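Let's walk through this model together, one question at a time. Keep the 3D view open as you read.

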Amino acid sequence: MQPQEIFAEAYDKHADAIFRHCYLRVYDRELAKDLTQETFMKAWKHYGETEEKIENLKSLLYKIATNLIIDHSRRPSSKRTDSLEDMVEFGIEPGEDRSGKLKDELDAKDALKILEHVKDEYKEVVMLRYFSDLSLKQTADALGISENLVSVRLNRALQDLRKYLRNYERI
């Protein structure tokens, strides 16, 4: 298969997931589109510059996207917009039965709010593993850390979340 075909197939297969990954971190639809596009451009450039075979293109895409998000957040001019309308608008088509989808979105929003109570390093692992549905190895590859460290961070994040939820229930 030609490199162009490989990347066209990867784009078709992973673009929506990379967009969601970006959007759930920057909360800006246009910025998420730009970051998604830049992710694929950087992956293509990397593919052309390296002679080694890319073992896991999906992990590489998530790693590039995560690094772009981090770079963007470090820029002084970056700002987050947490518009509820934008969040509700995300992924809803007019005229469709929204009851199940809306419930899932509300559950996801609740989960994101709860995740605000854990350290960023734990949050990133949880989001890649459970929201983006990456395996432990893919999560490790995307973050440039070991699978063992991913497991440790997941475990600690879940402990922190349990502790937070127990305290929340007492209120």
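Q: Is K33 buried, exposed or partly exposed?
A: Happily, this is a quick one to start with, bearing in mind that the model is predicted. The relative accessibility of K33 is 41%. Buried would need under 20% and exposed over 50%, so K33 counts as partly exposed.

Q: Which residue does K33 meet in a salt bridge?
A: Look in helix α2, where K33 has a partner three residues away, about one turn of the helix. The closest approach in this salt bridge is 3.5 Å, N to O. The partner has 47% relative accessibility and counts as partly exposed. The side chain that K33 meets is that of E30.

Q: How many salt bridges does a search of the whole structure find?
A: Side chains of opposite charge can pair when their charged atoms come close. Besides E30 with K33, the salt bridges include D120 with K123, at 3.6 Å from N to O. The search of the whole structure finds four.

Q: Where do D120 and K123 lie?
A: D120 counts as exposed, at 57% relative accessibility. D120 and K123 are three residues apart, about one turn of the helix. Both lie in helix α6, residues 120-131.

Q: How far apart are the closest N and O atoms of K137 and D141?
A: K137 and D141 are four residues apart in helix α7, so about one helical turn separates them. K137 is partly exposed, with a relative accessible area of 47%, and D141 is also partly exposed, at 30%. They form a salt bridge in which the closest N and O atoms are 3.4 Å apart.

Q: Which residues of helix α7 are buried?
A: Helix α7 spans residues 136-143, and its salt-bridge residues K137 and D141 are partly exposed. T139, in contrast, is buried, with a relative accessible area of 0%. The buried residues of α7 are Q138, T139, A140 and A142.

Q: Which residues does T139 touch, not counting residues up to four places away in sequence?
A: T139 lies in helix α7 and is buried. Leaving out residues up to four places away in sequence, T139 touches V125, L128, R129, L134 and V150.

Q: Which residue, with a positive phi, follows α7?
A: Helix α7 covers residues 136-143. The residue that follows α7 has a phi near 70°. That residue is G144.

Q: How many helices are there in the protein chain?
A: There are zero strands in the chain. Read along the sequence, the pattern is α-α-α-α-α-α-α-α. The number of helices is eight.

Q: Which element gives the most residues to the largest nonpolar core?
A: Of the 26 residues in this core, I18, C22, L35, L57 and Y62 touch the most other members. The elements that give two or more residues to the core are α1 (3-26), α2 (29-49) and α3 (57-74). With nine residues, the one that gives the most is α1.

Q: How many residues are in the other core that lies apart from the largest one?
A: This other core has L112, L115, V125 and V150 among its members. Two of those names may ring a bell, since T139 touches V125 and V150. The other core is made up of 14 residues.

Q: Why is the pair of Y11 and F40 edge-to-face?
A: The ring centres of Y11 and F40 are 4.9 Å apart, with their planes at 65°. Planes over 60 degrees apart count as edge-to-face. The pair links helix α1 to helix α2, across 29 residues. So the reason for the edge-to-face label is the plane angle of 65°.

Q: Is F40 buried or exposed?
A: Y11, its ring partner, is partly exposed, with a relative accessible area of 43%. F40 has 8% relative accessibility, and under 20% is the cut-off for buried. F40 therefore counts as buried.

Q: Which residues form one aromatic cluster with W44?
A: W44 and Y47 form a stacked aromatic pair, 6.3 Å centre to centre and with 20° between the planes. Both lie in helix α2, three residues apart. The cluster with W44 is completed by F7 and Y47.

Conventions. Residues numbered from 1 in each chain as written. Predicted model: local features only at pLDDT ≥ 70, side-chain atom pairs only at ≥ 80, totals over all residues. Heavy atoms only, no water. Core = buried A, V, L, I, M, F, W, Y, C linked by side-chain atoms within 4.5 Å. Buried < 20%, exposed > 50% of the residue type's maximum accessible area, 1.4 Å probe, protein only. Phe/Tyr/Trp six-rings, centres within 6.5 Å; stacked < 30°, edge-to-face > 60°. Contact = heavy atoms within 4.5 Å.
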